[in-house]
Amino acid sequence: MASTSSIEGVNERLSAAHLVSARSSSIDASGIRKIFELGAKLRDPINLSIGQPDFPVPLEIKKAAIHAIESDHNGYSLTMGAPAVQEVVWNHLSKDVGWTRAMGQGAMLTSGTSGALVLAALALLEAGDEVVFPDPYFILYPQLGRLTGAVGVACDTYPDFRMTAVRLEKVMTPRTKMVILVSPSNPCGVVLSSKEIAEVVELCRARKVLLISDEIYDEFTFSDAREDGRCPSAARMSRDVLLVRGLGKTYGCTGWRMGYCAGPEWLIQEMAKLQQYSYVCAPTPFQHATAAALATDMSGIVDGYERRRDLVLEAFKGVTEVARPGGAFYAFVKVPEQLNETAKDFVSRAVDRNVLVIPGSVFSARDTHFRLSFAAPEQKLRAGLSILREMMQPG
Ligand SMILES: Cc1ncc(COP(=O)(O)O)c(C=O)c1O
């Protein structure tokens, strides 16, 4: 018998077809991967496809993380988060949305905002349940259904990209268990007013459905979309909301994987059980940078992004439709109908001119728009906008 004790001796490989779960096979990552592949081929592209900020982490926040590592905060923390950091988050929550532990609320530090979303889906969804999210959507949302056997239901929000209660009600059924609201939104940057949010909160309350408010871009809300100086939040209207937020986008530290969630205590306890057996805890040294992060004023940077937003709106004025982004760093731009092409075709023409944007089909059932990220140096942004505008002109 041939020896199989060395790697060379093993010629029968395990096969994906035999072993990979239907759940995993059902997930198609090709759309976004194609863009990365295209980007890798271009030399010094004008890259307007990136979903993360283009500024470095503010020095004080970096120092806090370095200090935490040097002070030996490198082991596991409690599942909910290091107690001192939990206090920081509670202080922030009580000031910002008025929630306290005494109200029956809970809070937990998570591995990014994604960590919180996945744990919420695992804690609540089962086969046959429905989870509703806006279309265009953040690419994780449909996968939350696939991961849990639930059905993802996209709520069409074209052409203004506002998931209003009227639109939401049309797609809700007795099987709806969860609704995801995102404001400011990815990929559109649209910010809902507190009136619009209150109507969604009321609809979910009446139907006994859990509302998740994804507020990862909350600090990135521009002056014309702020109310009372801040981003409108569902958490200020109801305690029966799961609030998810993160540090990554606001402070430019997406790789630190720091997020937090807060909501009804019973739900946070369920999610904590699942975190204990999966992510274990949020990355400990970076938890300890949370206080420094929340104390850092990012308004100068947000103002700079607002000016870039204005450049984007100006560039496409009179050429095509763009729903005004009230926050985040994205615009969802319509490919003019008279061009008679899909967004994929338009994007591939843009790539030929060294400009990288993402076709709407990556985020939507439709392929009529593209996502442009203005988290790019101003000179590059201006150059990219002028090429895209030129591509939209007839002839
Ligand atoms: C709307 C939205 N929610 C959640 C996330 C995930 O963020 P994190 O990096 O904190 O997991 C993103 C990231 O792009 C996002 O755009």
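## Around the ligand and outward

Start at the ligand: α6 supplies the largest share of the shell around it, 3 residues. Keep in mind that this is a predicted model. The shell counts 13 residues, and those that come nearest are Gly-112, Thr-113, Ser-114, Asn-186 and Gly-246. What classes make up the shell around the ligand? Polar residues number 9, with 3 nonpolar ones and 1 charged one beside them.

**Helix α6 and its partner**

Helix α6 covers residues 112-124, and its axis comes within 9 Å of the axis of helix α7, residues 140-148. The two axes cross at roughly 35°, and the crossing is right-handed. On the α6 side, the contact is made by Ser-114, Leu-117, Val-118, Ala-121 and Leu-122. From α7 come Leu-140, Leu-144, Leu-147 and Thr-148. Sorted by class, this contact has 7 nonpolar and 2 polar residues, and no charged ones. Ser-114 turns up twice in this picture: it belongs to the residues that come nearest the ligand, and it takes part in the contact with α7.

Helix α7 also has strands to deal with. It lies across β3 (130-135), β4 and β5 (176-182), and runs at about 155° to β4.

**The seven-stranded sheet**

Those strands belong to an open sheet of 7 strands, ordered β2-β8-β7-β6-β5-β3-β4, with mixed pairing. Why do β2 and β4 each have one side without a neighbour in the sheet? β2 (105-111) and β4 (151-156) stand at the edges and have a single partner strand each, so one side of each is left without a neighbour there. Going across this sheet, neighbouring strands are turned by 20° against each other on average, if you ignore direction.

For a look at one pair, take strand β6 (residues 210-214) and strand β7 (residues 241-246). They pair in the parallel sense over 4 bridges. Ser-213 is the residue that stands opposite Leu-243 in β7. Strand β7 runs over residues 241-246, and Gly-246 is among the residues that come nearest the ligand.

**Backbone oddities worth a look**

Two peptide bonds in the model are worth finding on screen, and both lead into a proline. Here they are side by side:

| Cis peptide bond | Omega |
|---|---|
| Tyr-158 to Pro-159 | about 0° |
| Ser-183 to Pro-184 | near -5° |

Where does Pro-159 sit? You'll find Pro-159 in the loop between β4 and α8 (165-171). Pro-184 is in the loop between β5 and α9 (194-207). Elsewhere, Asp-44 has a phi near 50°, which is a positive value in a residue other than glycine. Asp-44 lies in the loop between α3 (30-41) and β1 (46-47).

**A three-stranded sheet**

There's another open sheet to look at, with 3 strands in the order β9-β12-β11 and antiparallel pairing. Its edge strands are β9 and β11 (358-359), each of which pairs on one side only. β11 is joined by 2 bridges to strand β12 (residues 369-373), and the two run antiparallel. In that pair, Pro-359 stands opposite Phe-370 in β12. Helix α15 (residues 343-352) lies across β11 and β12, running at about 45° to β12.

**How the chain divides**

Now zoom out to the whole chain. It is divided into domain 1, made of 28-51 + 298-392, and domain 2, which spans 59-294. The C-alpha centres of the two domains are 26 Å apart. How many residues does the contact between them take from each side? It takes 24 from domain 1 and 27 from domain 2.

On the domain 1 side, the elements giving two or more residues are α14 (299-316) and β9 (330-334). α14 gives the most, with 4 residues. So much for elements; by class, the domain 1 side that touches domain 2 has 14 nonpolar, 5 polar and 5 charged residues. Strand β9 is thus worth a second glance: it gives residues to this side of domain 1, and it is also an edge strand of the three-stranded sheet.

Methods:
Residues are numbered from 1 along each chain as its sequence is written. This is a predicted model: local features need pLDDT of at least 70, side-chain atom pairs count only at pLDDT 80 or more; totals for chains, interfaces and linings use all residues. Axes are lines fitted to C-alpha atoms, for helices over the stretch in contact, and angles run from 0 to 180 degrees between N-to-C directions. A crossing is left-handed if the near helix is turned anticlockwise from the far one by less than a right angle, and right-handed if clockwise. Two residues are in contact if their C-beta atoms, placed from the backbone, lie within 7 Å. Ala, Val, Leu, Ile, Met, Phe, Trp, Tyr, Cys and Pro count as nonpolar, Asp, Glu, Lys and Arg as charged, and the others, Gly among them, as polar. Two strands pair if DSSP finds at least two bridges between them. A residue is near a molecule or strand if its C-beta atom, placed from the backbone, lies within 6 Å of it. Domain bounds come from an automatic or database domain assignment.
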